[in-house]
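Here is a walk through one structure, taken from its sheet to the empty spaces inside. Keep the model open as you read and turn it as each element comes up.

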Amino acid sequence: MYIIDNHMHLNPFTGKFLNAVDDFIKAGGNGLFVTTMHYDKIPFSVEDYDREFKITIDIANRIKKDKGIIAYAVIGPYPVDIINLQGKFGISKAIDIMKKAAEIAGKMISNGDAIAMGEVGWPHFEISEEIYHASLDVLEYCFRICKEANAPSIIHGPHFTQEHYKMLFELYKKVGLKDNKVVKHFANPLPKERYNIVPSFIAKKEIIGYLVNENAPFFLETDYIDDPLHPGAVLNITTVPKRVKSILDKKLMDEDTYNKIVLDSYRMVYGIEL
């Protein structure tokens, strides 16, 4: 049975790192999608992003080699960075740096070093119109790169309404990205109409009852951030295995149905044959 955390972070400098992976495996997990984070500094250059992406790829490779479980790297310019970049360089250069970072990520994905681009999107809190439109400019560019690489985009943003999903649908259709190649990270069960954007549900306890009624691809994630100052945030790395076991124990879904959903979801979105 495949128990995969679709979105989490590991920090080899200050976090539990591979010890956290051991916790995940002991809880019953066997697959991790490791997403880029700011490991020891905020990026202010294309070179900084290049370094971050390489660290993320190395983390995934070490997990596969040392722990023997499924591990993939997800890399991309974090949307909130545009605020720091705009403050230092102005909005035009901020956009340029983030687009060049996306180009680097696209090459690494095309080379098979990473599986998807993310997190990309726009800040999850209130922002100016300038920052919002600049973020969507960068996001559209990311979509174009993902189209060429035939790779998914993993979206960071606020809690989505149906209008958010519709807006993203129109944007990825404009670019020509395929359906089911856009994933909303930190998704909630509602709204139900998501315009072929795939939810990666944050694996809180209250989500379990909704999953049995899902009739389209979905993922489970913790958004674990591996920060010793905030242990267990956002959710503990053991949460996805616990939620899957709870789903099966409560007979909300049998193991064959769960496995089919997992296999179909990862095949459809990421092109992975587990």
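What follows starts with the strands, moves to a helix lying across them, and ends with the cavities.

Bear in mind that this is a predicted model. A good place to begin is the sheet: eight strands make it up, it is open, and the pairing is parallel. Reading across, the order is S1-S2-S3-S4-S5-S6-S7-S8, so to speak a plain count from one end to the other. At the edges sit S1 (4-8) and S8, each of which has a pairing partner on one side only. Ignoring direction, neighbouring strands are turned against each other by 25° on average.

Zoom in on the S1 edge. S1 pairs with S2 (residues 31-35) in the parallel sense, and three bridges join the two. Find Ile 4 there and look across to S2: the residue standing opposite is Gly 31. Keep Ile 4 in mind, since that residue comes back below.

Now bring in helix H5. This helix lies across S4, S5 (153-156) and S6 (182-187), and it runs at about 165° to S4.

Next, the holes. How many cavities of 30 Å³ or more does a search of the whole structure find? The search turns up three. The largest of them holds about 100 Å³ of space. Two elements give two or more residues each to its lining, namely strand S8 (219-221) and helix H9 (255-270). H9 gives the most, with five residues. Our friend Ile 4 is in the lining too, along with Phe 218, Phe 219, Leu 220, Val 240, Tyr 258, Ile 261, Val 262, Ser 265 and Tyr 266. By class, that lining comes out as nine nonpolar residues, one polar and no charged.

The second largest cavity has a volume of about 50 Å³, and here H5 returns. Strand S4 (116-121) and helix H5 (129-149) each supply at least two residues of the lining, with H5 giving the most, at three residues. To trace the wall yourself, pick out Pro 77, Pro 79, Ile 82, Met 98, Val 120, Gly 121, Ser 135, Val 138 and Cys 142. Which classes do the lining residues of the second largest cavity fall into? Seven are nonpolar and two are polar, with no charged residues.

To tie this up, go back to the two residues and elements that link the sheet to the cavities. Ile 4 stands opposite Gly 31 in S2 and also lines the largest cavity. H5, for its part, lies across S4 and gives the most to the lining of the second largest cavity.

Methods:
Residues are numbered from 1 along each chain as its sequence is written. This is a predicted model: local features need pLDDT of at least 70, side-chain atom pairs count only at pLDDT 80 or more; totals for chains, interfaces and linings use all residues. Side-chain values use heavy atoms; hydrogens and water are left out. On a 1 Å grid over the protein atoms alone, a cavity is a set of points where a 1.4 Å probe fits but cannot get out, and a pocket is an open set with protein on both sides within 12 Å along at least five of seven lines; lining residues have an atom within 4 Å of a point. Grid points are joined across faces, edges and corners, and a volume is the space filled by probe spheres set on the points. Helices (H or I, at least four residues) and strands (E, at least two) are DSSP runs, numbered from the N terminus. Ala, Val, Leu, Ile, Met, Phe, Trp, Tyr, Cys and Pro count as nonpolar, Asp, Glu, Lys and Arg as charged, and the others, Gly among them, as polar. Two strands pair if DSSP finds at least two bridges between them. Axes are lines fitted to C-alpha atoms, for helices over the stretch in contact, and angles run from 0 to 180 degrees between N-to-C directions. Contact means heavy atoms within 4.5 Å.
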